[in-house]
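This report looks at a few selected features of the structure shown below, beginning with the cysteines and then turning to one loop residue and the arrangement of the chains.

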Number of protein chains: 2
Amino acid sequence: MSDTKRTEIGTLGEFGLIDRLTQDWPQYHKNTLKGVGDDAAVIDDGDEGILVTTDMLIEGIHFDLAYHPLKHLGYKSIIVNLSDIYAMNGHAEQVFVSVGISNRFSVEAMEELYAGIRAACEVYQVDLAGGDTCSSGKGLVISVTAIGRAPKDKIVYRSGAKAGDIICITGDLGAAYLGLQILEREKQIFMAHPDVQPDLEEQDYLIGRQLKPEARKDMIDTFARFQFLPTAMIDISDGLSSDLMHICKQSGTGARLEEAQIPIREDAEMMALKFQLDPITCALSGGEDYELLFTAEPDDLEKLRVMPGVFIIGEIVAKEDGIMLQTSAGQLHRLQAQGWAHF
Amino acid sequence: MSDTKRTEIGTLGEFGLIDRLTQDWPQYHKNTLKGVGDDAAVIDDGDEGILVTTDMLIEGIHFDLAYHPLKHLGYKSIIVNLSDIYAMNGHAEQVFVSVGISNRFSVEAMEELYAGIRAACEVYQVDLAGGDTCSSGKGLVISVTAIGRAPKDKIVYRSGAKAGDIICITGDLGAAYLGLQILEREKQIFMAHPDVQPDLEEQDYLIGRQLKPEARKDMIDTFARFQFLPTAMIDISDGLSSDLMHICKQSGTGARLEEAQIPIREDAEMMALKFQLDPITCALSGGEDYELLFTAEPDDLEKLRVMPGVFIIGEIVAKEDGIMLQTSAGQLHRLQAQGWAHF
């Protein structure tokens, strides 16, 4: 293709590329309710919707086996997919795992990976229902598809937020990103000085958020117990800024986040400062926290105030008011999407 | 893991590895009817079964971009998954495509790939309902999940064959493998002598079978029209020998193939001889023909004789009689599994 036009993928970014590749496709089945563009696709099944999501993890891009134990990696590969099902307010039932491996990996290494996959299946009560194992030539590739269900009138899309809605998050942010920074730093130190012992003390939480995250199935159950339905929802994979922008784009709204309300743990804050990073930037742009970001009608405020594990962090506003961060000092800044750009 | 036991994956093979990794898993959802071990998983949905299959294609292992046009590759990546749905006697409805790409690929290259994916979606009338695009660091990885449906009493498993059943195939075998040999030969010649023109004349069929195969949706429709239900079915991805062995293993039977009845096109036969290969070995072990291999009750013989596109190639026998090939000369040989071993 040397004499044809060449546009670098980096000029579009991941989401721009997907938009361009998938625009104006024909649809043949009226049961395909929601296709590309949410956490999971929705297939109509009478009173229920079947939720389907798929994610690919590639060695050297999404994980580094220098510090990611295979068992944790197997666990995480399931979690990131289940999280997408919960982000639709559904329950996951089956997972399908395809693994591409090189001959660098032994049967025992694969057993470690599958022990982690199995642990996640047990904790979240999902069935491993299929998959594929093949050679990759080089490196490890894991592709997981998760299938879930929800009553159709309980499915929460990214597109349902309205001006005046309350913006909530289910847990602290930034820790997974800081865990990654610690692991990367220790890897660099180890490569330069293999005899130096790693300095991982008191960083269990941050490292754990990166290596072995959990998905917020418990929150879906909490919502049901409180008879509460979010107006829009997404899981934090790319970062609060980027994921909030997805909600705003699909809902046709703006948003105002309150910096002072964004939950950041003290150990994350301390670690950010140690790395000379702004803690709020880590929370906004770090990603991989797998908390649920959701919006709620103002009428639900009282429910949200007593619901365990919910932090109110802002308000949906009109589109023309933009997507803004109100700093603790009272200034308004326009939010930047700074999710993980792999391209 | 230098001081722990290391078992090479090659000692187990792909199917042995999957068996080992997935044995004795817990099951939490009673709607998971069939998990690992058939062309597709089956999820109970009232009168119907939801069929789910997933497959991963990795550059350098499953395809070579030196001769596989991206558009054909996109088409093929869908076909290999649809074929698994048809092999359950179901109809495919949605596909999910995850692509990992390096910055070697341009937006235009991705548009070629998706043009092929779209063409397959149009020909087979399936919806692209989701997926994922990410960086791969190096090389191209394509993971496709296909979802289909069938009335539960019409789903055909690998496990339903009984001694006395007729073994049938829906088309000629070996051509895809010979197409690959031609392409590999031309690549070697091109690398040694870049000025030599490729010798691809009159090999359109063989090369097409490799680069742009079709799935036998038409046969599923034919079966319905004839009110015919196979007792067991699988698609030919690994090769007739290996795929027949899957049926026999899961059905607890043996089989006897009649060499003289195995359909091989004349151009495939000529090309095999040109490569000093045994045509019947190409048909038995080549793979990637994506024809349907199925078994039928003896009572259906008259239907099968008039059904277009069906070749009767043997008979299911008792397990203790083994899996045998009766040669044209009348000798009986034990079949070897010689599917594509990537490890």
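## Cysteines

In this predicted model, Cys282(B) has a relative accessible area of 4%, and because buried means under 20% relative accessible area, Cys282(B) counts as buried. Cys248(A) is likewise described as buried, its relative accessible area being 2%.

Over all chains, the structure holds zero disulfides. Cys248(A) accordingly takes part in no disulfide, and the cysteine sulfur nearest to it, which belongs to Cys168(A), is 14 Å away, whereas a disulfide is defined by cysteine sulfur atoms within 2.5 Å.

## Surroundings of Asp38(A)

In chain A, the loop that runs between strand E1 (32-34) and strand E2 (41-45) contains Asp38(A). With a relative accessible area of 11%, Asp38(A) is buried.

When neighbours within four places in sequence are left aside, the residues in contact with Asp38(A) are Met88(A), Tyr157(A) and Arg158(A). For Arg158(A), the backbone nitrogen lies 2.9 Å from a polar atom of the Asp38(A) side chain.

## Relation of the two chains

Chain A is superposed on chain B, with an RMSD of 0.0 Å, by a rotation of 180 degrees that is accompanied by 0.0 Å of shift along its axis. This is the relation of a two-fold axis.

Of the interface residues of chain A, 100% are also interface residues in chain B, and therefore the copies meet through the same surface.

Terms used: Residues numbered from 1 in each chain as written. Chains lettered and ligands numbered in written order. Predicted model: local features only at pLDDT ≥ 70, side-chain atom pairs only at ≥ 80, totals over all residues. Heavy atoms only, no water. Helix = DSSP H or I, 4+ residues; strand = E, 2+ residues; numbered from the N terminus. Buried < 20%, exposed > 50% of the residue type's maximum accessible area, 1.4 Å probe, protein only. Polar contact = N/O pair within 3.5 Å; in protein donor to acceptor, adjacent residues only side chain to side chain. Contact = heavy atoms within 4.5 Å. Least-squares fit on C-alpha atoms with pLDDT ≥ 70 in both.
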